[in-house]
Amino acid sequence: MARVTFHEDWCKGCELCAAFCPKNLISLADRINEKGYRPATVVDMQKCTGCMACALVCPDVVIEVEREVS
């Protein structure tokens with residue numbers, strides 16, 4: 001299982017991460033961050049494969065992906 005963390009106060013809501021998520025697990029949150037944007041968030045963490053597509057495409061380095069080592 002993977003764990004995705006968004007530094008929500010850095011996110012400008014560009015939605016690139018959502019566009020590149022192969023599982024369509026990312027959407028914009030209902031809340032507003034300190035910069036006045038709706039930050040991205042993972043809808044269902046259990047379904048995340050940890051592919052890192054979201055983190056690689058993020059222009060503001062907002063996303064961290066941790067994967068379990070087996």
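**Salt bridges**

I started with Glu 66 and Arg 3, whose side chains meet in a salt bridge at 3.6 Å, N to O. This is a predicted model, so I kept in mind that side-chain atom pairs count only at pLDDT 80 or more. Glu 66 sits in strand β4 (residues 63-67) and Arg 3 in strand β1 (residues 2-6), so I have a link between distant parts of the chain, 63 residues apart. I looked up the exposure of Glu 66 too: partly exposed, at 41% relative accessibility.

How many salt bridges are there by this rule? I get four.

Next I went to Lys 12 and Asp 60, which form a salt bridge at 3.3 Å, N to O. Lys 12 is in the loop between β1 and α1 (16-20), and Asp 60 is in the loop between α2 (53-57) and β4, so this pair ties together parts that are 48 residues apart in sequence. Lys 12 is partly exposed at 37%, and Asp 60 is partly exposed at 30%.

I also noted Asp 44 with Lys 47, a salt bridge with the closest N and O atoms 3.8 Å apart. Here Asp 44 is partly exposed at 26% relative accessibility, whereas Lys 47 is exposed at 53%.

**Cysteines**

I then checked for disulfides, and the count comes to zero. Why is Cys 21 not bonded to Cys 51? Cys 51 has the closest cysteine sulfur to that of Cys 21, but the two are 6.2 Å apart, which is too far for a bond; the cut-off is 2.5 Å. Cys 48 is in no disulfide either, with the nearest cysteine sulfur, in Cys 54, 6.5 Å away.

Are Cys 21 and Cys 48 buried or exposed? Cys 21 is buried, with a relative accessible area of 12%, and Cys 48 counts as buried at 16%.

**Cavities**

I found two cavities of 30 Å³ or more. The largest has a volume of about 120 Å³. It is lined by 15 residues, and the closest to its centre are Cys 21, Ile 26, Cys 48, Cys 51 and Cys 54. So the cysteines I had just looked up turn up again here. By class I wrote down twelve nonpolar, two polar and one charged for this lining.

The second largest cavity holds about 100 Å³ of space. It also has 15 lining residues, and those closest to its centre are Cys 11, Gly 13, Cys 14, Cys 17 and Cys 58. I noted its lining as eleven nonpolar, one polar and three charged residues.

Note on methods:
Residues are numbered from 1 along each chain as its sequence is written. This is a predicted model: local features need pLDDT of at least 70, side-chain atom pairs count only at pLDDT 80 or more; totals for chains, interfaces and linings use all residues. Side-chain values use heavy atoms; hydrogens and water are left out. Buried means under 20% relative accessible area, exposed over 50%, partly exposed in between (1.4 Å probe, protein chains only). On a 1 Å grid over the protein atoms alone, a cavity is a set of points where a 1.4 Å probe fits but cannot get out, and a pocket is an open set with protein on both sides within 12 Å along at least five of seven lines; lining residues have an atom within 4 Å of a point. Grid points are joined across faces, edges and corners, and a volume is the space filled by probe spheres set on the points. Ala, Val, Leu, Ile, Met, Phe, Trp, Tyr, Cys and Pro count as nonpolar, Asp, Glu, Lys and Arg as charged, and the others, Gly among them, as polar. Helices (H or I, at least four residues) and strands (E, at least two) are DSSP runs, numbered from the N terminus.
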